[in-house]
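Subject: Structure for you to look at

Dear colleague,

I am handing over the structure below, together with notes on what was found in it. Please read the notes with the structure open beside you.

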Amino acid sequence: MPTTPLHLVDSHTEGEPTRLIVSGGPNLGGGSVAEQAARFSRDHDWVRRALCREPRGHEAIVGGMICEPREPDCACGVFFFDNATTIPMCVHGTIGLVATLRHLGKITAGRHRIETPAGVVEVDTADDGLVEVTNVPSRVLRREVALQVDGWGTVTGDIAWGGNGFFLIDEQGPAVKFGNIPQLTAFGKAVKAALAKAGLNAVDGINIDHIEVFGPPGDPATADSRNFVLCPGNAYDRSPCGTGVSAKLACLHAAGRLEPGVVWRQAGILDTVFAGRIVAETDGGVLPKVAGRAWILSEATHHFDATDPFLNGIG
Ligand code: PYC
């Protein structure tokens, strides 16, 4: 149980919060970042619950811990978690990490490599604040899957990996707009239930725990599409979700709708935009690059008192 304080930096990336443990986190014993994340999840899950739930946090917070990388050419390791679980990769969180490392004076503009549980990613950071993440190779796992969704009938989508597992739905369900967040959340939950019923909540060992719904952009001059992403703990992503954009690029490519090098401007539900493009074709998929910006919100020292009834968060 907790004894020492945690030092945190909060930021947001295109609206979606990231809360990083920059020091004071539990000793995870070294090894690969995937191994350290698994130990964190097994032995220190209270940290995730404390940081990503009320009263200390809230459902939208994606937390992360900076750790030692095993890969020698990496600036650091990082793993991310939300109000429900530890996740393999997070692009908005990686953009927040880069802003945080720059804020702390630990990296300068240029190219850096970062080890995550899903693999090594490369980041390019510029003085104007733009961060480009070359994410892990992304691929379609199943195309045009028809699900029977309670209250909605047949809903067809693709299942894809972009660092997390996604079910991607084009122009079905409630209209993708800010005012429909409750309806989109209910729809996303119904789709998750239908995936579980069909035995598709895990495919090829990947949890399909993010639902991504696409609609037309609010402004075609600034975006090609607008999405709504429901995360594993049923919070919606305030950003366009970079792993979701990576999965989308893989789907567009598989459908013959996007060539390498062409920019796909994905707006999220707040109409902030990630610019995605395919930088290479890989064996069975694509190598995606996703660009966006993060802003530092605060640095804080969090204290933990064993007598606090909500030490582990509410719920
Ligand atoms: O940007 O990859 C992302 C992400 C995953 C969950 C929330 N944001």
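P55 is found in the loop that runs between α2 (45-52) and β3 (62-67), and the peptide bond that leads from E54 to P55 is cis, with an omega near 5°. Please keep in mind here, and in everything that follows, that this is a predicted model. A second backbone feature concerns E144, which belongs to strand β9 and has a positive phi of about 50°, although E144 is not a glycine.

The ligand comes next. Where does the ligand sit? It sits in the largest cavity, and the elements that give two or more residues to the shell around the ligand are α3 (91-103) and α5. The residues that surround the ligand are E16, C90, V91, H92, N164, H210, D237, C241, G242 and T243, and by class this shell divides into three nonpolar, five polar and two charged residues.

Several polar atoms of the protein can be placed against atoms of the ligand. A backbone N or O atom of V91 lies 2.9 Å from an oxygen atom of the ligand, and a polar backbone atom of H92 is likewise 2.9 Å from an oxygen atom of the ligand. With D237 the side chain is involved, since one of its polar atoms lies 2.8 Å from a nitrogen atom of the ligand. How much of the ligand does the protein bury? Taken alone, the ligand exposes 240 Å², and the protein buries 99% of that.

As for the enclosed spaces, the structure holds two cavities of 30 Å³ or more. The largest cavity, in which the ligand sits, contains about 100 Å³ of space. Its lining is made up of 16 residues, of which I87, C90, H210, D237 and C241 lie nearest the centre of the cavity, and the elements that give two or more residues to this lining are α3 and α5. By class, the lining of the largest cavity has eight nonpolar, five polar and three charged residues.

The second largest cavity has a volume of about 40 Å³, and the residues that line it are E16, E59, A60, I61, V62, D82, N83, C231 and A235. Five of these lining residues are nonpolar, one is polar and three are charged. You will meet E16 twice as you go through the model, as E16 is one of the residues surrounding the ligand and also one of those lining the second largest cavity.

Finally, there is the largest pocket, which has a volume of about 210 Å³. Which residues lie nearest the centre of the largest pocket? They are D158, L168, D170, C251 and R257, out of a lining of 14 residues. The elements that give two or more residues to the lining of this pocket are β9 (139-149), β10 (153-161), β11 (165-170) and α5 (242-254), while by class the lining has six nonpolar, two polar and six charged residues. Helix α5 therefore deserves a place in your notes under both headings, as α5 is among the elements giving two or more residues to the lining of the largest pocket and among those giving two or more to the lining of the largest cavity.

With best wishes

How values were computed:
Residues are numbered from 1 along each chain as its sequence is written. This is a predicted model: local features need pLDDT of at least 70, side-chain atom pairs count only at pLDDT 80 or more; totals for chains, interfaces and linings use all residues. Side-chain values use heavy atoms; hydrogens and water are left out. On a 1 Å grid over the protein atoms alone, a cavity is a set of points where a 1.4 Å probe fits but cannot get out, and a pocket is an open set with protein on both sides within 12 Å along at least five of seven lines; lining residues have an atom within 4 Å of a point. Grid points are joined across faces, edges and corners, and a volume is the space filled by probe spheres set on the points. Helices (H or I, at least four residues) and strands (E, at least two) are DSSP runs, numbered from the N terminus. Ala, Val, Leu, Ile, Met, Phe, Trp, Tyr, Cys and Pro count as nonpolar, Asp, Glu, Lys and Arg as charged, and the others, Gly among them, as polar. A residue is near a molecule or strand if one of its heavy atoms lies within 4 Å of it. A polar contact is a pair of N or O atoms within 3.5 Å; within protein, one must be able to donate a hydrogen and the other to accept it, and residues adjacent in sequence count only if both atoms are side-chain atoms. Accessible areas come from the Shrake-Rupley method with a 1.4 Å probe; for residues, only the protein chains shown count as cover. A molecule sits in a cavity or pocket if more than half of its atoms lie within 2 Å of its grid points.
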